[in-house]
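Here is a walk through one chain, starting from a single residue and working outwards. Keep the viewer open as you read.

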Amino acid sequence: MEKKEHPVVKKRKIAPDKCVVTGKGDWYFPLSDIYETPENFTIVIDMPGVDTEHIAIDLRENELIVNGEISFDAYTDEKVILNEYNVGHYHRHFVISDAINRNKVEAKMKDGVLTLNLPKAEHIKPRKIEVKEA
């Protein structure tokens, strides 16, 4: 079996001139993947440390906006000795088209991974066209 090395990908911090976010702490672009099937588009976003109560997903016109905030309450009694892992909130924008059935978008969170299911609109789904005798 061939061994494949995967490059190390670091979280990118949001530059103040790229996006306006509110709230205390650092904000990052979470890593994400987008998949397409004949029926859906699926967006998978890494958001470790975020629970379902602190995720906000807004669909405004042609924009899908995802915010996830970390609760720092669990860290109040800890003194940091070594800090190699960047902790902060997450923010992403996705532009969506009329190809999405906006009334059926669903989101699930499991083990720090947010999965958004965006069903395709009926008018863009593949279909067979019947050929009639002339």
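## Val-44 and its contacts

In this predicted model, Val-44 touches Leu-31, Ser-32, Asp-33 and Tyr-35, and it also touches Val-113, Leu-114 and Thr-115. That list leaves out residues up to four places away in sequence. Val-44 itself belongs to strand 4, which runs over residues 40–46.

Another residue to look up from here is Lys-108. Val-44 and Lys-108 are 64 residues apart in sequence, yet their C-alpha atoms are 9.7 Å apart in space.

## The two faces of strand 4

Which residues of strand 4 make up its covered face, and which its uncovered one? Phe-41, Ile-43 and Ile-45 are on the covered face, while Asn-40, Thr-42, Val-44 and Asp-46 are on the uncovered one. The general background is that side chains in a regular strand alternate between the two faces of the sheet.

Phe-41 also has a charged partner: the charged end of Lys-120 sits over the Phe-41 ring, 5.1 Å from the ring centre. If you are hunting for ring-ring pairs instead, the count of aromatic pairs comes to 0.

## The sheet around it

Strand 4 is part of an open sheet of 4 strands, ordered 3-4-9-8, with antiparallel pairing. The edges are strand 3 (32–36) and strand 8 (106–110), each of which pairs on one side only. From one strand to the next, the twist averages 15°. As general background, strands of a sheet pair through backbone hydrogen bonds.

So how do the individual pairings look? Start with strand 3 and strand 4, which are antiparallel over 5 bridges. Two of the bridge partners to click on are Tyr-35 with Thr-42 and Ser-32 with Ile-45. Strand 3 is joined to strand 4 by a hairpin, through 3 residues.

## Across to strands 9 and 8

On to strand 9, residues 113–119, which pairs with strand 4 in the antiparallel sense over 7 bridges. Asp-46 has Val-113 as its bridge partner in strand 9, and Phe-41 stands opposite Leu-118. Val-113 turns up among the contacts of Val-44 too.

Strand 9 also pairs with strand 8, again in the antiparallel sense, over 5 bridges. Here Met-109 stands opposite Leu-114 of strand 9, and Leu-114 is one of the residues that Val-44 touches. The hairpin of strand 8 and strand 9 has 2 residues between the strands. Which residue in that hairpin takes a positive phi? Asp-111 does, with a value near 50°.

## The whole chain

Zooming out, the protein chain has 9 strands and 0 helices, so its pattern along the sequence reads β-β-β-β-β-β-β-β-β. Of its 134 residues, 26% count as buried.

Among contacts between residues at least 6 apart in sequence, 56% join residues at least 24 apart. As for the surface, the chain exposes about 10,900 Å², and carbon and sulfur atoms supply 50% of that area.

Note on methods
Residues are numbered from 1 along each chain as its sequence is written. This is a predicted model: local features need pLDDT of at least 70, side-chain atom pairs count only at pLDDT 80 or more; totals for chains, interfaces and linings use all residues. Side-chain values use heavy atoms; hydrogens and water are left out. Contact means heavy atoms within 4.5 Å. Two strands pair if DSSP finds at least two bridges between them. Axes are lines fitted to C-alpha atoms, for helices over the stretch in contact, and angles run from 0 to 180 degrees between N-to-C directions. Rings of Phe, Tyr and Trp (its six-membered ring) pair if their centres lie within 6.5 Å; planes under 30 degrees apart count as stacked, over 60 as edge-to-face and the rest as tilted. A charge sits over a ring if NZ of Lys or CZ of Arg is within 6 Å of the ring centre and within 35 degrees of the ring normal. Buried means under 20% relative accessible area, exposed over 50%, partly exposed in between (1.4 Å probe, protein chains only). Accessible areas come from the Shrake-Rupley method with a 1.4 Å probe; for residues, only the protein chains shown count as cover.
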